[in-house]
Amino acid sequence: MPEFQEFGWNVQHLGLTDEVLAHAELTKDPLYRKIPKDRFAYYVDMSLQRGREAAQACRGMSIRELYRREGLRYDITDRSGTFHQLSLRAQIDFNQTPPEVVVYAASLRGMADAYRAVMSSGEQANHSADAKSGPGNALQPSGRTPGPHSERPPAPQDNELERLVDIHLAHEFFHYVEYRAGQFTNDMLEPVEVFRLGRRLVKRSSVVQCSEIAAHAFCKEMMGLPFLPNVLDYAFLIQTGSLSEEDFYREVEAWKSGHAAAL
Ligand SMILES: [Zn+2]
């Protein structure tokens, strides 16, 4: 797929800073257009900061080790996850005690090329630290600890799937950290005004995507990724032909200038 390889090369030069990719996430919020433009940086910066701070305590650690320490169960399944006809890649169920994380590995298999194109170059340093968790264990069943050493070296595809699984485990782990702290990131930040009638009747709501931005920042920081992991969504859309490179570049410019592209 030569065009996509080319995209993989280009992505390094697009200036996809954490702030830019966080802004991309913010544009998905249902209240995005209610946020005053001079407040975008507040929501982006505060959310990134919370995710990074939470990652300080566990930088370089294996995410699976963190689950074990917390007594948190995870299930990596080949079942397909759907919710209101949206396909899910991972979720956390707070109705279980402790909350249980499910990662839908089948939905991640197709993302190996996207992972390779955007994530592979900048994170070699972290690979060795992570290899401790044992290669080829992406499909270990719920919360069970892989053996410390595996004799068989993993196929490259296995490695990428394993990293994708870890990225999703880390993302959901951050939501668990928020849950444990009793406060989700969006609830820590100032709500935006969504409705006003006169001077007394004002409805305000929190910006829920802030929790997603923080989870991406947590994941990037603790796993040593070169970009916030939501870049994978765009790489995947381009790779599958659902998003053209030109439209993506236009979106990137819009995020940089602090507004959503009017596509
Ligand atoms: Zn999330």
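Biologist: Why is strand 6 (residues 192-197) said to lie largely in the open?

Modeller: Of the 6 residues of strand 6, the number buried is 0. A residue is buried if 20 or more other C-beta atoms lie within 10 Å of its own, exposed if 12 or fewer, and partly exposed in between, with C-beta atoms placed from the backbone. None of the residues of strand 6 counts as buried, so the strand lies largely in the open. This is a predicted model: local features need pLDDT of at least 70, side-chain atom pairs count only at pLDDT 80 or more, and totals for chains, interfaces and linings use all residues. Residues are numbered from 1 along each chain as its sequence is written.

Biologist: What makes strand 7 hardly covered?

Modeller: Strand 7 has 5 residues, and the count of buried ones is 0. In the chain, buried residues make up 36% of the 263 residues.

Biologist: How do you know that strand 6 and strand 7 pair?

Modeller: Strands (DSSP runs of E, at least two residues, numbered from the N terminus) pair if DSSP finds at least two bridges between them. Strand 6 and strand 7 (residues 201-205) have 5 bridges, in the antiparallel sense. Val-192 stands opposite Ser-205, and Phe-195 has Lys-203 as its bridge partner. The two strands form a hairpin with 3 residues between them, and Gly-198 in the turn has a positive phi of about 70°.

Biologist: Why is helix 2 called roughly perpendicular to helix 3?

Modeller: Helix 2 (residues 18-26) and helix 3 (residues 40-56) pack at an angle of about 110°, and their axes are 10 Å apart. Roughly perpendicular covers 65 to 115 degrees; under 35 is roughly parallel, over 145 roughly antiparallel, and the rest oblique. The angle therefore makes helix 2 roughly perpendicular to helix 3.

Biologist: Which residues of helix 2 meet helix 3?

Modeller: Asp-18, Glu-19, Ala-22, His-23 and Leu-26 in helix 2 meet Phe-40, Tyr-43, Val-44, Ser-47 and Leu-48 in helix 3. Residues are in contact if their C-beta atoms lie within 7 Å. The residues of this contact divide into 6 nonpolar, 2 polar and 2 charged. Asp and Glu count as charged, Ala, Val, Leu, Phe and Tyr are among the nonpolar ones, and His and Ser fall among the others, which are polar.

Definitions and conventions: Axes are lines fitted to C-alpha atoms, for helices over the stretch in contact, and angles run from 0 to 180 degrees between N-to-C directions. Helices (H or I, at least four residues) and strands (E, at least two) are DSSP runs, numbered from the N terminus. Two residues are in contact if their C-beta atoms, placed from the backbone, lie within 7 Å.
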